[in-house]
Amino acid sequence: MAQAASQTHTVVIDNMRFTPDTLTVRRGDRVVWRNNDLVPHTATAPKVFDSGSIGPGESWSAVMRKTGTLPYVCSFHPGMKATLQVQ
């Protein structure tokens, strides 16, 4: 069985929120976080990925290598939470 080509998914950071707040992707897919807010943010899943500071108008991406449920936060604003479901 042929494996599906990897895809790129975008999470928009705006109004102090990650949109969508739950995203399902496949292992090997790329996720891009785009910061449309006026302040820096991070996308941080401890021991899995950490974007570091993503400035206003900037983006950061990572390829999902592990399957499972990956909750992540903005380390600058811990009330900003979201989840990646990697299949």
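This report walks through strand pairing, a hairpin, two threonines and a few backbone features in a predicted model.

## Strand pairing around β1

Strand β1 covers residues 8-14. It pairs with strand β4, residues 30-35, in the parallel sense. Six bridges join the two. One pair to look for is Ile 13 with its bridge partner Asn 35 in β4.

β1 also pairs with strand β2, residues 17-19. Here the sense is antiparallel, and there are three bridges. Val 12 stands opposite Thr 19 of β2. So β1 has a parallel pairing with β4 and an antiparallel one with β2, and in a regular strand the side chains alternate between the two faces of the sheet.

## Strand pairing around β9

Strand β9 spans residues 81-86. Its pairing with strand β3, residues 22-25, is parallel and runs over four bridges. Val 25 faces Val 86 of β9 as its opposite residue.

Strand β8, residues 68-73, is joined to β9 by six bridges. These two strands run antiparallel. Gly 68 has Val 86 in β9 as its bridge partner. Val 86 therefore appears in two pairs: opposite Val 25, and as bridge partner of Gly 68, where a pairing of strands takes at least two bridges.

## The β1-β2 hairpin

Two residues sit between the strands of the β1 and β2 hairpin. Asn 15 lies in this loop. Its phi is positive, about 55 degrees, although Asn 15 is not a glycine. Met 16 is in the loop between β1 and β2 too. Met 16 has a positive phi of about 60 degrees, and it is not a glycine either. Why do these values stand out? Because most residues other than glycine have a negative phi.

How accessible are the two residues? Asn 15 is exposed, because its relative accessibility is 63% and the cut-off is over 50%. Met 16 is partly exposed, at 38% relative accessible area.

## A nonpolar surface patch

Met 16 also belongs to a nonpolar patch on the surface. Its partners there are Leu 38 and Val 39. Together the three residues have about 300 Å² of accessible area.

Leu 38 comes from the loop between β4 and β5. It counts as exposed because its relative accessibility is 79%. The patch thus includes Met 16, from the loop between β1 and β2, and Leu 38, from the loop between β4 and β5.

## Thr 42 and Thr 44

Thr 42 lies in the loop between β4 and β5. Is this loop residue buried or exposed? It is buried, because its relative accessibility is 1% and the limit is under 20%. Beyond its sequence neighbours up to four places away, Thr 42 touches Phe 18, Asp 50, Ser 51, Gly 52, Ser 53, Val 73, Cys 74, Ser 75 and Phe 76. The C-alpha atom of Thr 42 is 8.5 Å from that of His 77, a residue 35 places away along the chain.

The side chain of Thr 42 makes polar contacts. A polar atom of this side chain lies 2.7 Å from the backbone nitrogen of Ser 75. The side chain of Thr 44 is another polar partner, at 2.9 Å.

Thr 44 lies in strand β5, residues 44-45. It is buried, because its relative accessible area is 11%. Its side chain makes a polar contact of 3.0 Å with the side chain of Asp 50. The side chain of Thr 44 thus has polar contacts with the side chains of Thr 42 and Asp 50. Leaving out residues up to four places away in sequence, Thr 44 touches Phe 49, Asp 50, Pro 71, Tyr 72, Val 73 and Ser 75.

## Gly 28 and a cis peptide

Gly 28 is found in the loop between β3 and β4. It is partly exposed, at 27% relative accessible area. Outside its neighbours within four places in sequence, Gly 28 contacts Ser 6, Val 63 and Met 64. Arg 65 is 37 residues away along the chain, yet its C-alpha atom is 5.6 Å from that of Gly 28.

Which form does the peptide bond from Thr 19 to Pro 20 take? It is cis, with omega near 0 degrees. Pro 20 is in the loop between β2 and β3. This bond deserves a look because most peptide bonds are trans.

Note on methods:
Residues are numbered from 1 along each chain as its sequence is written. This is a predicted model: local features need pLDDT of at least 70, side-chain atom pairs count only at pLDDT 80 or more; totals for chains, interfaces and linings use all residues. Side-chain values use heavy atoms; hydrogens and water are left out. Buried means under 20% relative accessible area, exposed over 50%, partly exposed in between (1.4 Å probe, protein chains only). A polar contact is a pair of N or O atoms within 3.5 Å; within protein, one must be able to donate a hydrogen and the other to accept it, and residues adjacent in sequence count only if both atoms are side-chain atoms. Contact means heavy atoms within 4.5 Å. Patches are made of residues with over 30% relative accessible area and no salt bridge: like charges are joined within 9 Å, nonpolar side chains (Val, Leu, Ile, Met, Phe, Trp, Tyr) within 5 Å. Accessible areas come from the Shrake-Rupley method with a 1.4 Å probe; for residues, only the protein chains shown count as cover. A salt bridge is a side-chain nitrogen of Lys or Arg within 4 Å of a carboxyl oxygen of Asp or Glu.
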